[in-house]
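User: I want the reasoning behind each label, with its cut-offs. Please take this model term by term.

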Amino acid sequence: MHVLFVAHSSTTAGAERTLVALASAAVRCGDQVTVSIPRKGPIERLIRDRLPGAEVIVQPCQWWMGVRHRTFTGALRTLQSLAQLVPWLMLLRRTRPDAVVVIGSTVTPAPLLAAVLAGTPRSIILGESIRSNPTLRSLIPKALIVRALDAWSDVSIAVSEYAASQYRRPTLIEYPPIEIPETVSEVRDEPPHMLVAVLLGTLSTEKGQFDLVEAARRIVASGAPVRIELYGDAAPDDLARLHDMIWDADVESVLRYRGASSNPIGVLAGVDVSLVCSRNEAYGRVSSAGFGRG
């Protein structure tokens, strides 16, 4: 069986790691696996490490939901996402998969709709808190998007009860697997007496990293021996904003952005507290990994 897995992002955040875990399971079952990514990025290395022999295709897929998608930008992005139907139909005709699995189907319609038009069986992973997440905006009403996803998919899999409650009758609820190795290379630079907290995740307003600037300011004022470290991908504008806020608040000694990490479990192994500042995590992969590390 030939399965095409479609990623909506080329980072190595939770959804992308879930995709790689599912594709790895397909490989173990003897399936032929092709992975489509929207652009070159860190996920390529993760795929090479975990999916030897899998074909990787770069095929853009425009989001039709996002922070600025209620303005003229939203109209333009929606049109772009629908215009990508033709290249996606051509890709399906060329690769001829027996099934398509779309990660991030909530925000990228073209791969799923192309599979519908091609008559290819399709499964979707519902991993976004579409109704409650304020950063997922669209010119198209969310209720209509939810109905479309239900109509276009043969199988819909929600990553948690919380995620399932925001869609229409998912086929099943399946928690994404998190591999906790028995031996982990610990990542820690601070002395033993220092309490170290970490927030793992893509830098964004919704994830809560910017809120930690105020927490860091209070830590500095109290003199508590605490450090907060941030790991994750970041857009240049968001990163510049974070650095400006840290500088203006004079909290460089407490709050540090460390960049993306290819070893999140190792990062968790080297800290004392794992932080989750978002109220809209559909699954809470970081929390689960933290529980797994104790």
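Analyst: Across the interface of domain 1 and domain 2, the rule finds zero residue pairs in polar contact, counting pairs with both residues at pLDDT 80 or more. A polar contact is a pair of N or O atoms within 3.5 Å; within protein, one must be able to donate a hydrogen and the other to accept it, and residues adjacent in sequence count only if both atoms are side-chain atoms. This is a predicted model: local features need pLDDT of at least 70, side-chain atom pairs count only at pLDDT 80 or more, and totals for chains, interfaces and linings use all residues. Residues are numbered from 1 along each chain as its sequence is written, and side-chain values use heavy atoms, with hydrogens and water left out.

User: What makes Asp 150 and Arg 168 a salt bridge?

Analyst: The definition asks for a side-chain nitrogen of Lys or Arg within 4 Å of a carboxyl oxygen of Asp or Glu. The closest N and O atoms of Asp 150 and Arg 168 are 3.9 Å apart, so the pair qualifies. Asp 150 sits in helix α6 (residues 142-152) and Arg 168 in the loop between α7 and β7 (172-173), 18 residues apart. Helices (H or I, at least four residues) and strands (E, at least two) are DSSP runs, numbered from the N terminus.

User: How many salt bridges are there in the whole structure, and how many across the interface of domain 1 and domain 2?

Analyst: The whole structure has eight. The interface has zero.

User: Where do the domain bounds come from, and what are they?

Analyst: They come from an automatic or database domain assignment. It gives domain 1 (2-173) and domain 2 (195-292). Their C-alpha centres lie 27 Å apart.

User: How much area is buried between domain 1 and domain 2?

Analyst: About 1000 Å², with 49% from carbon and sulfur atoms. Buried area is the accessible area (1.4 Å probe) that two parts lose on being put together, summed over both. Arg 17, Val 159 and Tyr 162 supply 36% of what domain 1 buries against domain 2.
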